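Q: Could you take a close look at one helix and the sheet it lies on, and then tell me how the rest of the chain fits around that part?

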Amino acid sequence: MAQAQALQAQSGVLPARVISVTGRDEAALVHVAELRGDPALRVEYVDAVDPRYPRSEKWVAILSTQFGCPVGCLMCEAGGWYRGNLSVDEILWQVDSVVFGRYPDGRVPSGKFKVQFARMGEPSLNPAVLQALRELRTRYDAPGLIPCVATTAPCSASRWFSDLRDLKRELYTGGAFQLQFSVNSTDEGIRDRVMPVKKWRMEDIARYGEDFFLAGDRKVVLNFALAKGWPLSVPRLAAVFDPERFIVKITPLNPTDRAAEEGMATVLYTDREHACDRVVDELSARGFETIISIGSDEEMAIRSNCGQAVAVGRAAQGFQGRPESL
Ligand code: SF4
């Protein structure tokens with residue numbers, strides 16, 4: 001209790017203020033906050049529940065790790081501008097904001113409390129994420145805590161990934177950590193076009209995952225946002241990845257303004273039988289577990305996809321910018 005009060009007081013000192021909260025408590029609340037007193041430095045973070053479960057069973061906080069993102073994925077609103085890294089305190093302030101907003105004593109009773117480093121920013125390009133993961137371990141009384149890191153695996157972050165593996169082994173054993181790679185297609189040319197950063201090939205991800213995964217861990221997630229013209233070849237996937245260590249997650253390509261500008265569209269809704277169900281069957285035949293994760297219409301309506309909330313605010317303020325090169 002005393003620790004929770006101290007953390008709350010500390011959070012209050014940080015120059016950060018919430019600009020807006022949109023959405024619905026029973027689905028997702030998207031927060032936009034301004035940091036360092038600078039209107040150009042806005043981040044978004046989300047407090048969400050999975051509609052299938054009560055909050056007492058599963059609760060999700062989704063954090064930003066950078067101001068915008070230097071990777072510049074074609075479909076992502078966060079990739080259109082970049083202003084640098086958040087500090088450890090700024091990352092954790094987002095978690096404090098949602099935790100103490102609901103549980104002033106810092107006790108999170110949810111069976112699973114997922115803290116996803118998956119909103120604005122490429123977490124592996126911010127060294128402060130590792131320290132935030134370290135501090136998160138004991139920051140709250142949250143026995144259900146499961147940090148989740150989603151990444152495109154930039155080559156320049158190889159050292160960061162080694163440190164992440166060591167940190168997971170030290171602090172988050174026995175299934176208390178989730179790592180997700182954005183793969184998106186088994187065609188490396190398409191991957192390069194969609195995620196324009198020098199990044200690990202699938203073989204590199206497979207090698208790292210083999211080393212990262214230990215008995216009792218959650219399987220490493222390979223995420224594919226299925227879109228028209230982005231092939232997912234199951235034979236190719238199976239030739240590279242071990243189904244004992246990797247699980248495949250299929251999501252729709254989020255309907256962002258940038259995706260529309262680039263002429264990209266998901267095939268999950270329009271051609272689900274061909275694009276998804278058949279792939280799932282093929283994956284299953286090769287021993288892969290598959291998760292299909294489709295956001296609700298309401299989720300789309302409250303713009304709870306990566307970078308959208310801040311992008312709207314920036315456009316209204318007249319900010320412009322392109323990613324700096326890596
Ligand atoms: S999808 Fe992720 S890595 Fe890609 S630009 Fe957006 S925030 Fe960055």
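A: Start with helix α2 (residues 88-102), which lies across β1, β2, β3, β4 (58-63) and β7 (112-117) and runs at about 145 degrees to β4. Angles like this one go from 0 to 180 degrees between N-to-C directions, with axes fitted as lines to C-alpha atoms, for helices over the stretch in contact. Contact here means C-beta atoms, placed from the backbone, within 7 Å. Helices (H or I, at least four residues) and strands (E, at least two) are DSSP runs, numbered from the N terminus.

Before going further, a word on the source: this is a predicted model, where local features need pLDDT of at least 70 and side-chain atom pairs count only at pLDDT 80 or more, while totals for chains, interfaces and linings use all residues. Residue numbers run from 1 along each chain as its sequence is written.

Now the sheet under the helix. It's an open one of 10 strands with mixed pairing, in the order β1-β2-β3-β4-β7-β8-β9-β10-β11-β12. At the edges sit β1 (16-23) and β12 (290-292), each paired on one side only. On average, neighbouring strands in this sheet are turned by 20 degrees against each other, direction ignored. Two strands count as paired if DSSP finds at least two bridges between them.

Let's zoom in on the β1 end. β1 and β2 form a hairpin with 4 residues in between, and they pair antiparallel over 7 bridges. Here Ala16 stands opposite Leu35 of β2, and Val18 has Ala33 of β2 as its bridge partner. On to the next pair: β2 (residues 28-35) and β3 (residues 42-48) run antiparallel and are joined by 7 bridges. Leu29 faces Asp47 in β3, while Val30 is bridged to Val46. That hairpin of β2 and β3 has 6 residues between its strands, and Arg36 takes a positive phi near 60 degrees in it.

Further along the chain there's helix α6 (residues 202-212), where Met202, Ile205, Ala206, Tyr208 and Gly209 are buried. Buried means 20 or more other C-beta atoms within 10 Å of the residue's own; 12 or fewer is exposed, in between is partly exposed, and C-beta atoms are placed from the backbone. The buried residues of α6 pack against α4 (158-171), β9 (178-182), β10 (220-226), α7 (234-240) and β11 (246-252).

Helix α5 (residues 188-194) holds Val194. Val194 counts as buried because 23 other C-beta atoms lie within 10 Å. Beyond its neighbours within four places in sequence, Val194 touches Cys73, Leu74 and Asn184. Leu74 is 120 residues away along the chain, yet the two C-alpha atoms are separated by 5.3 Å.

Cys73 also turns up at the ligand: of the 13 residues around it, Cys69, Val71, Cys73, Cys76 and Gly79 come nearest.

Zooming out, the chain has 11 helices and 12 strands, and 44% of its 326 residues are buried. As for confidence (pLDDT, the predictor's own score for each residue from 0 to 100), the chain averages 88, with 84% of residues at 70 or more. Residues 320-326 stay under 50, and there the model has 17 contacts beyond four places in sequence.

How values were computed:
Near = placed C-beta within 6 Å. Contact = placed C-beta atoms within 7 Å.
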